[in-house]
Amino acid sequence: GLSRRTGWDVARVRGGTELVVLALGWLLGGLVGWGTLAFALASGPAMRAGLGLYGLGQSPKPSAGATTHPAPEVP
């Protein structure tokens, strides 16, 4: 959802989220080791690769002449 909202790559959003959570955990007194840091940095690219297996996780690129139409309201 954040990737679609911001237009950023899935790896960037996931990695950023993991690093924020890691920092908050450390500020609250948790231990941060090499494995924790490696997971936080590798989870974004791993998520992108996994979604890529199913053709997902790609930010749609608008074409030059494309126009967007609002979705119809559902009562």
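**Exercise 1.** Is aspartate 9 buried, partly exposed or exposed?

*Solution.* The model is a predicted one.
Step 1. Take the cut-offs: under 20% relative accessible area is buried, over 50% is exposed, and partly exposed lies in between.
Step 2. Aspartate 9 has a relative accessible area of 27%.
Step 3. Aspartate 9 is therefore partly exposed.

**Exercise 2.** State how many helices and strands the protein chain has, and give their order.

*Solution.*
Step 1. The protein chain contains 3 helices and 0 strands.
Step 2. Along the sequence, the pattern reads α-α-α.
Step 3. For the whole chain, buried residues account for 13% of the 75 residues.
Step 4. The accessible surface amounts to about 6400 Å², and carbon and sulfur atoms hold 67% of that surface.
Step 5. Consider contacts between residues at least 6 apart in sequence: 50% of these contacts join residues at least 24 apart.

**Exercise 3.** Check the end-to-end span of helix 2 and of helix 3 against the value expected from the number of residues.

*Solution.*
Step 1. The expected span is 1.5 Å times one less than the number of residues.
Step 2. Helix 2 has 18 residues, so the expected span is 26 Å. The end C-alpha atoms of helix 2 are 26 Å apart, in agreement with that value.
Step 3. Helix 3 (residues 34-52) has 19 residues, so the expected span is 27 Å. The end C-alpha atoms of helix 3 are 27 Å apart, and this agrees too.
Step 4. Helix 3 nevertheless has a bend of about 35° at alanine 42. Proline 45 follows within four residues of alanine 42.
Step 5. Proline 45 itself lies in helix 3 and is partly exposed, with a relative accessible area of 39%.

**Exercise 4.** Find the buried residues of helix 2 and helix 3, and say what covers them.

*Solution.*
Step 1. In helix 2 (residues 10-27), the buried residues are Val10, Ala11, Val13, Gly15, Glu18 and Leu22.
Step 2. The cover over these residues includes helix 1 (2-6) and helix 3.
Step 3. In helix 3, Ala40, Ser43 and Gly44 are buried.
Step 4. The buried residues of helix 3 pack against helix 2.
Step 5. An α-helix has 3.6 residues a turn, so residues three or four places apart point the same way.

**Exercise 5.** Use glycine 15 and serine 43 to follow the packing of helix 2 on helix 3 residue by residue.

*Solution.*
Step 1. Glycine 15 lies in helix 2 and counts as buried at 11% relative accessibility.
Step 2. Serine 43 is in helix 3 and is buried, with a relative accessible area of 8%.
Step 3. The two residues are 28 residues apart along the chain, and their C-alpha atoms are separated by 6.3 Å.
Step 4. Leaving out residues up to four places away in sequence, glycine 15 touches Ala40 and Gly44. With the same exclusion, serine 43 touches Arg14 and Glu18.

**Exercise 6.** List the salt bridges and say which parts of the chain each one joins.

*Solution.*
Step 1. The whole structure has 2 salt bridges.
Step 2. One salt bridge is between the side chains of arginine 48 and aspartate 9, at 2.5 Å, N to O. Arginine 48 belongs to helix 3 and aspartate 9 to the loop between helix 1 and helix 2, so this pair ties together parts that are 39 residues apart in sequence.
Step 3. Arginine 48 is partly exposed, with a relative accessible area of 37%.
Step 4. Another distance involves aspartate 9: its C-alpha atom and that of proline 45, 36 residues apart along the chain, are separated by 9.7 Å.
Step 5. A further salt bridge joins the side chains of arginine 14 and glutamate 18, at 3.3 Å, N to O. Both residues lie in helix 2, 4 residues apart, about one turn of the helix.
Step 6. Arginine 14 is partly exposed at 27% relative accessibility, whereas glutamate 18 is buried, with a relative accessible area of 18%.

**Exercise 7.** Which residues form a nonpolar patch on the surface?

*Solution.*
Step 1. The patch consists of Val20, Leu24, Trp26, Leu27 and Val32.
Step 2. Together these residues have about 530 Å² of accessible area.
Step 3. Of the patch residues, valine 20 is placed in helix 2.
Step 4. Just after helix 2, glycine 29 has a positive phi of about 105°.

Conventions: Residues are numbered from 1 along each chain as its sequence is written. This is a predicted model: local features need pLDDT of at least 70, side-chain atom pairs count only at pLDDT 80 or more; totals for chains, interfaces and linings use all residues. Side-chain values use heavy atoms; hydrogens and water are left out. Patches are made of residues with over 30% relative accessible area and no salt bridge: like charges are joined within 9 Å, nonpolar side chains (Val, Leu, Ile, Met, Phe, Trp, Tyr) within 5 Å. Accessible areas come from the Shrake-Rupley method with a 1.4 Å probe; for residues, only the protein chains shown count as cover. A salt bridge is a side-chain nitrogen of Lys or Arg within 4 Å of a carboxyl oxygen of Asp or Glu. Helices (H or I, at least four residues) and strands (E, at least two) are DSSP runs, numbered from the N terminus. The bend at a residue is the angle between axes fitted to the seven residues ending there and the seven starting there. Buried means under 20% relative accessible area, exposed over 50%, partly exposed in between (1.4 Å probe, protein chains only). Contact means heavy atoms within 4.5 Å.
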